[in-house]
Amino acid sequence: MPVIIVTGRGGAGKTTTTANLSVYFAQKEYRTLAIDGDLFLPNLGFHFALDNVSYTVHSVLKNPDIDPEWAIYRHEKTGVNVMPGSTRLQDVVGISPKRLRDIVEQMRYKFPVVFVDSPTGIPFDTLPTFEVADYQIIVVEVERSPIYSFETMVENEINKLKAIGEEYGLKIGVVLNKVRESEDVIDHIIDEITENVGLPVIGIIPFDEYVPQSINVGIPILAYKPRSDAAIGFYEAGEILEEWIFKKIKKI
């Protein structure tokens, strides 16, 4: 079941969300694959300390003779299978983004859960992958979106990304990231998204100083500091997504 993670602005935590939701499913013993679909600014590999590998998603996109599984690495600390991208300019130039769709299509039959870290903004280069996806998660950073301008941000970012998911028939959810505003403000934002936009908020991730540390050591926060505020938030979001995908009912 491919899940595409998107966001309307850089720095919202799209890749962090991709990494940690992948960890959640791997910890639940689902065979999970995380693919770096942010082809021109890839950094998913850094979250798993896989920034210097022999084969990447770019290798597969440039050379059709390379087996995609050569570019998949199992992260020992979390159990997530990762297909990282290459940050080298020479690897980015001349790639065929359309082939990413075929890779995702091929991998969905080998991995029950596939996450694709999509480019920031409208992901024109990876739109074909939406054809083979089932779910879309929109990551919203509320820290830089004060309530007086949040409605504008919704109009400019969330609604546009929602329209893409709807065009491809995806089930769509929202994750609020880096949350440290007062509860009444967050409640207002959630109401705006659920009532006016018509999307469920599946995760509320608190701002957490341990997240940058986890990225620096290459272990997503859910495994690095499992009792931290952000880790608990990602775990709860993972529970909801697991219920969506596998129709599991949360135990009370």
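Q: How much space lies in the largest pocket?
A: This is a predicted model, and the largest pocket in it is lined by 19 residues, with Asp51, Val53, Thr56, Ser86 and Thr87 lying nearest its centre. The space that lies in this largest pocket comes to about 260 Å³.

Q: Which helix gives the largest share of the lining of the largest pocket?
A: Helix 2 (44-47) and helix 3 (57-62) each supply at least two residues of the lining of the largest pocket. By class, that lining has five nonpolar, nine polar and five charged residues. The largest share, three residues, comes from helix 2.

Q: Which helix gives the largest share of the lining of the second largest pocket?
A: About 210 Å³ of space lies in the second largest pocket, and of the 14 residues that line it, Asn177, Lys178, Asp208, Val211 and Pro212 are the closest to its centre. At least two lining residues each come from strand 7 (171-179), strand 8 (201-206), helix 8 (210-217) and helix 10. The largest share, three residues, is supplied by helix 8.

Q: How are helix 1 and helix 10 oriented to each other?
A: The axes of helix 1 (residues 14-27) and helix 10 (residues 229-246) come within 9 Å and cross at roughly 65 degrees. Residues that make the contact include Thr16, Asn20 and Tyr24 of helix 1 and Phe234, Gly238 and Glu242 of helix 10, and the contact residues divide into nine nonpolar, four polar and two charged. The crossing is right-handed. Given the crossing angle, helix 1 and helix 10 are therefore roughly perpendicular to each other.

Terms used
Residues numbered from 1 in each chain as written. Predicted model: local features only at pLDDT ≥ 70, side-chain atom pairs only at ≥ 80, totals over all residues. Heavy atoms only, no water. Axes fitted to C-alpha atoms, helices over the stretch in contact; angles between N-to-C directions. Helix = DSSP H or I, 4+ residues; strand = E, 2+ residues; numbered from the N terminus. Parallel < 35°, antiparallel > 145°, perpendicular 65-115°, else oblique. Left-handed = near helix turned anticlockwise from the far one by under 90°. Contact = heavy atoms within 4.5 Å. Nonpolar A, V, L, I, M, F, W, Y, C, P; charged D, E, K, R; others polar. 1 Å grid on protein atoms, 1.4 Å probe; cavity = no way out; pocket = protein on both sides within 12 Å on 5 of 7 lines; lining within 4 Å. Points joined across faces, edges and corners; volume = space filled by probe spheres on them.
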